[in-house]
Amino acid sequence: MSGEGSDAKLLPVLAGVVAAMLAAFAVGIGKYIGDDGARLAAVITIAAIGLLAGAAVRCDRLRRAREREQGNLEIAARLDRLDADAAIPLAPSREVRPQDALARLDAASDEVRRLREIAEGVYGLEALFDVAGRLVWISPSIHRITGRTPEECLGAPDAIVFLVHESDRNYCLRMARKVAEGGPPANFEMRLMRADGRICWVACHWRRLGDDSTHPAGLRMSAEDIQARKETEYKLLETVTELRRAQALRERYLARSNDERQRLSALLNVIRLGILFMDRDHRVLYYNRAMLSIWGFAPDENLIGMRDVVLQSRVAPLLEQPEAYFEHIAGVLQMHGVSEAHEISLRDGRIVTDVSTVVESAQGRRWIGRVWIYEDVTEERKIARKMVELAERDPLTNLFNRRRFHEELNRLLAEATRHEVRVGLIAIDLDGFKPINDEFGHQAGDTVLVGLAQAVGGVIRRNEMFFRLGGDEFGVLVPDAEEGDLCELARRILEVIRTQRFEFEGRSTGLTASLGIALFPQHADTPEQLIAVADQAMYCSKNRGRDRWTLAGSEAHESDRMAPSESDEPICRGD
């Protein structure tokens with residue numbers, strides 16, 4: 001095609017050369033054959049030149065037509081490529097014939113316009129970079145994401161430095177370079193800097209433009225705004241962190257609680273107090289070893305979940321009075337405060353006390369159960385009785401001592417005053433006890449005292465109280481006494497003492513006693529006066545020869561007795 005075009009361009013030149021040659025030929029003929037020949041030659045020459053000129057014009061037209069056809073073919077090829085590259089799969093609004101180049105150009109222009117509208121209206125961020133990393137186009141959505149206009153981004157010397165946060169900048173450049181050098185597409189998250197100084201997270205995708213992997217046309221970056229997702233992730237991360245911290249604290253507190261529980265359990269298991277915790281449904285929630293031991297359960301017995309009625313039926317055979325104790329429990333269950341200590345007598349002789357109270361919840365709005373505290377006080381009661389005995393009884397004779405004597409004397413006189421009855425006091429002093437002590441020793445004296453205490457105790461009645469007041473002095477208190485009964489008791493005591501015999505070092509010995517009798521309120525109005533009157537009567541018996549009793553005198557019987565207020569020496573009367 002290019003050779004034919006060159007020939008068409010040479011035809012006018014060749015026609016001019018031939019016309020010039022013919023004109024020269026016609027001039028030459030005219031010189032030799034005359035004017036007619038010259039005119040003929042000129043006509044022939046003009047006709048030849050006309051023919052040549054027509055041929056030259058025709059050739060030029062053919063050349064132009066071929067050039068126009070070649071241009072149309074090239075335009076058609078480019079339109080085909082444009083159709084392939086910019087075609088949008090839309091229903092055509094009009095029929096376009098392949099031969100109609102202008103219509104095809106209009107259609108391609110419409111498609112390019114639509115593509116531009118799509119590119120500029122895309123919600124996500126789109127950007128095109130050349131192979132050197134220079135920004136060549138960026139979608140208007142950059143303003144929504146960062147607050148910067150596309151013109152600001154395109155005018156920046158380095159768009160990546162201008163837009164990307166410094167912490168992610170080097171990584172972004174490195175990944176873009178790898179993609180441009182033929183690496184696979186890259187997907188990662190990075191931070192963009194907003195115009196107001198804040199950051200915005202985006203998820204970006206980098207890939208090459210063009211089909212030539214060795215010489216790409218450039219790079220395309222697609223990004224999606226994930227700031228909301230990141231904020232949610234941060235909140236979730238903070239929540240997870242708080243949950244983990246709370247979990248760690250809870251585990252720590254739980255471990256400490258378990259440690260405290262173990263320590264408390266160890267403590268409760270070594271104390272002697274039995275502890276039983278019942279929940280609101282009257283089921284056993286906790287108990288310690290002492291509780292099992294006190295109530296006779298096996299050490300490995302499991303009571304957890306047992307109802308109170310079942311527990312009561314298990315312990316009923318151990319109680320001396322089961323019904324009374326269960327009534328006590330029913331009464332305690334009606335209380336909300338701390339119950340008073342209640343003694344429980346068991347069939348095996350043990351004594352157990354219980355105390356109970358309601359356990360309030362931490363909020364204090366409701367109670368969560370009831371705790372019972374049991375204590376085996378058998379040994380304590382024995383020790384208490386022993387201490388009382390030591391405090392109130394003579395350790396040698398086991399008789400009540402002077403301290404108990406004064407207590408009982410005050411009590412009996414108070415009761416006698418209320419009930420208007422009389423109380424009798426017999427003062428006893430042994431005769432001849434000191435010689436036995438001096439001759440046979442104190443051990444012999446102790447034997448005498450013990451023997452006489454037992455013998456005299458045999459004639460003392462249950463309502464009468466026998467005391468050792470110290471040394472060889474004794475006393476008897478008789479409530480609701482009559483004068484005749486006191487004299488008869490004194491006689492029996494003298495007889496018992498007189499008949500007692502003791503053997504020391506192979507020798508038999510005995511002794512007697514002097515007794516003084518006084519009555520309240522007949523002879524005295526106070527405990528001290530009553531003791532003094534009885535002592536005076538006792539010394540009167542000694543002065544009269546011992547081994548006798550003397551009743552203190554009174555104003556009603558002056559002929560036989562003398563009241564203490566009238567004389568220091570009572571009138572003596574003995575057996």
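Modeller: Two strands pair when DSSP finds at least two bridges between them, and with that rule we can read the sheets of this model, which is predicted.

Colleague: Which strands form the open sheet that has the order 7-6-10-9-8, and what is the sense of the pairing?

Modeller: That open sheet is built from 5 strands, and its pairing is antiparallel.

Colleague: What makes strand 7 and strand 8 the edge strands?

Modeller: Strand 7 (284–287) and strand 8 (342–345) each pair on one side only. From one strand to the next, the twist averages 25 degrees.

Colleague: How do you know that strand 6 and strand 10 pair, and how many bridges join them?

Modeller: Strand 6 (residues 274–279) and strand 10 (residues 367–376) are joined by 6 bridges and run antiparallel; since the rule asks for at least two bridges, the two strands therefore count as paired. Within this pair, Asp 279 stands opposite Gly 369 in strand 10.

Colleague: Which helix packs on the sheet there, and which strands does that helix touch?

Modeller: Helix 11 (residues 322–333) packs on the sheet and touches strand 8, strand 9 (351–360) and strand 10, with its direction making about 140 degrees with that of strand 10.

Colleague: What is the order of the open sheet that holds strands 1 to 5?

Modeller: Its 5 strands follow the order 2-1-5-4-3, and the pairing is antiparallel. The edge strands here are strand 2 (135–138) and strand 3 (186–193), each of which pairs on one side only, while neighbouring strands are turned by 30 degrees against each other on average, direction ignored.

Colleague: What supports calling strand 3 and strand 4 a pair?

Modeller: Strand 3 and strand 4 (residues 199–209) pair in the antiparallel sense over 8 bridges, and because at least two bridges are required, the criterion is met. Met 193, for instance, has Ile 199 in strand 4 as its bridge partner.

Colleague: Which helices are placed against strand 3, strand 4 and strand 5?

Modeller: Helix 7 (residues 166–180) packs on the sheet, touching strand 3, strand 4 and strand 5 (218–225), and its direction makes about 145 degrees with that of strand 3. Helix 8 (residues 227–270) lies across strand 3, strand 4 and strand 5, running at about 125 degrees to strand 4.

Colleague: Why is helix 14 called oblique to helix 15?

Modeller: The axes of helix 14 (residues 433–440) and helix 15 (residues 442–457) come within 6 Å and cross at roughly 140 degrees. Roughly antiparallel would need an angle over 145 degrees, and roughly perpendicular covers 65 to 115 degrees, so helix 14 is oblique to helix 15.

Colleague: Which residues make that contact, and how do they divide by type?

Modeller: Phe 433, Ile 436, Asn 437 and Phe 440 in helix 14 meet His 442, Ala 444, Gly 445, Val 448 and Leu 449 in helix 15. These residues divide into 6 nonpolar, 3 polar and no charged.

Colleague: Is Thr 397 buried or exposed, and how do you know?

Modeller: Thr 397 has a relative accessible area of 11%, and because buried means under 20%, Thr 397 is classed as buried. Thr 397 is found in the loop between helix 12 (378–392) and helix 13 (402–419). Apart from neighbours within four places in sequence, Thr 397 is in contact with Leu 449, Val 450, Ala 453 and Arg 468.

Colleague: What share of the residues of the protein chain counts as buried?

Modeller: Of its 575 residues, 36% count as buried.

Definitions and conventions:
Residues numbered from 1 in each chain as written. Predicted model: local features only at pLDDT ≥ 70, side-chain atom pairs only at ≥ 80, totals over all residues. Heavy atoms only, no water. Axes fitted to C-alpha atoms, helices over the stretch in contact; angles between N-to-C directions. Helix = DSSP H or I, 4+ residues; strand = E, 2+ residues; numbered from the N terminus. Parallel < 35°, antiparallel > 145°, perpendicular 65-115°, else oblique. Contact = heavy atoms within 4.5 Å. Nonpolar A, V, L, I, M, F, W, Y, C, P; charged D, E, K, R; others polar. Buried < 20%, exposed > 50% of the residue type's maximum accessible area, 1.4 Å probe, protein only.
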